[in-house]
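Me: I have just opened this entry and hardly know where to begin. Please choose a single spot for a close look, and then show me how other places in the chain are set beside it.

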Amino acid sequence: MTFFLMLVWAVLVATLVVVGIAIYEPVMEYIARRGEENSQGESSVLPEESSSEISSELSSSQPVETKTEEKKNIRAVYLAHSVLSDPIKLDGFLENAMKNGASEVVVDIKNENGAVLHLSKVKTAQEALAISDAAVDLGEVAKAISEKGMRPIARVYAFKDHVASYSLRRMGCFYQNENMLWYDNTPDNGGQPWLNPYTQEARNYVLQLAVESAELGFQEVILAGLQFPWGYQLENVYFGAEAGNTSKADVLENFAAQIQERLSSMEVEMSVMMRAMDIIDSNGFTYGEGNPLERFQCPIYIDFSLSHLQNQFSSQYIFGEVVLESNAEPTLVINTAADALKPFLDSQTMENRGYRAVVECDGTNSLQINADIIQRESEALTRIGMADIFFYSEFSGYPNQVDYIAGLAK
């Protein structure tokens, strides 16, 4: 009997084990499913405010880190034609500029005399005999600058052009009538003729050189001398019959917009360069009536070269009621000029980094400018919101050991 009961119990236990194994998985799936339904039901009855508060708390407890790339200050240097035309000097200059923190290199396509320094294919340049005997392929120079990690910039002097205005008189400004060219001073004192901004042919010439610069690989084109003439006897300048129909301001604004649109289609930036004194002491002639800075909807390089800040008649520095003598300390001159300029600057343009300063790095026989002075000048301009700087040296005579990022001194 005992053996029989033990056998029955063994059979029952085995049966329960088999059944348990068979129902384990379905039961566990059911429990899990019920748990999910209960959790969904509980969350669905939470008020919307509670849900948003929880979400807010989670997001605040785990802040999302956003990276904003800070725009670096422009530190441009000038590459003189006498340097770039010598391969050894060119490589040494670029290597030094790169190591010392330069971010841009400016090259003249057409200089302030009107000489074209590139082997240009523009027919007007060829007809005007404007292409220099020392002209080189500036496309190769633009490529060399880019390979060093810097941005190549072309500068084209627009209407300040003494070559084409003389050789192609039809594009020049005349004195009172159409028979004699107007000169910005007497020829004995170095006076020169200018291109006439009202002339369509002169405008086309500038546009074609700007476009050619972009095709060469330059990423920005600075238009200097995009203005009406300055000099003596401006009241006697004759621009032709069409001058009475359009204001000077409109001519410059419309032409700048035309070039800017064309260059933008090529993904090349356009900028303009003008002298600080043409803004501080505007004569209503050179850029038309009103604030000259309002002529152009693009970045503007403002030239603070000491030679341009001096009054042409007295050699003093005259900023409104403030008068400084010709031997004034350079930093004082730049600080005074910066304060005189500041009221003309647009706050929105300033915020968008639309103004760039040109700082002179060359001294004169009577004025020695060193890296320390240039740094203080840079700091004065940064103080009024002009942190982007073009360090200009006519012959690329920069010290070997400088720090462009800091403002030149090292």
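Reply: Let us begin with a term: a residue is called buried when its relative accessible area is under 20%, exposed when it is over 50%, and partly exposed in between, using a 1.4 Å probe and protein chains only. What you see is a predicted model, where local features need pLDDT of at least 70, side-chain atom pairs count only at pLDDT 80 or more, and totals for chains, interfaces and linings use all residues. Residues are numbered from 1 along each chain as its sequence is written, and side-chain values use heavy atoms, with hydrogens and water left out.

The spot I have chosen is Leu-129. Please look for it in the loop that joins helix H5, residues 123-127, to strand E4, residues 131-136. (Helices are DSSP runs of H or I with at least four residues, strands are runs of E with at least two, and both are numbered from the N terminus.) Is Leu-129 buried or exposed? Leu-129 counts as exposed, because its relative accessibility is 72%. The backbone deserves a look too: phi of Leu-129 is positive, near 55 degrees, and this residue is not a glycine.

Now for a companion to set beside it. Ser-396 also has a positive phi, about 55 degrees, without being a glycine. You will find Ser-396 in the segment that follows strand E14, residues 388-392. Its surroundings tell another story: Ser-396 counts as buried because its relative accessibility is 11%. So a positive phi turns up here at an exposed residue, Leu-129, and at a buried one, Ser-396.

Next, let us visit a helix. Ala-202 belongs to helix H8, which covers residues 200-215. Ala-202 is buried, because its relative accessible area is 0%. Which residues does Ala-202 touch, once those up to four places away in sequence are set aside? They are Phe-159, Met-171, Leu-195 and Asn-196, where a contact means heavy atoms within 4.5 Å. Another alanine to find is Ala-164: it lies 38 residues from Ala-202 along the chain, and 8.8 Å separates their C-alpha atoms.

The cysteines make a good next stop. Cys-298 is buried because its relative accessible area is 9%. Cys-361 is buried as well, because its relative accessibility is 10%. How many disulfides does the structure hold? The count is 0, taking a disulfide as a pair of cysteine sulfur atoms within 2.5 Å.

Finally, step back and take in the whole chain. There are 14 helices and 14 strands, and H5, E4, E14 and H8 from our tour are among them. The chain has 410 residues, and 47% of them count as buried; Ala-202, Ser-396, Cys-298 and Cys-361 are examples of buried residues. Taking the contacts with a separation of 6 or more, 74% join residues 24 or more positions apart. The chain exposes about 21900 Å², with carbon and sulfur atoms supplying 52% of that area; such areas come from the Shrake-Rupley method with a 1.4 Å probe, and for residues only the protein chains shown count as cover. With that view in mind, you can return to Leu-129, exposed in its loop between H5 and E4.
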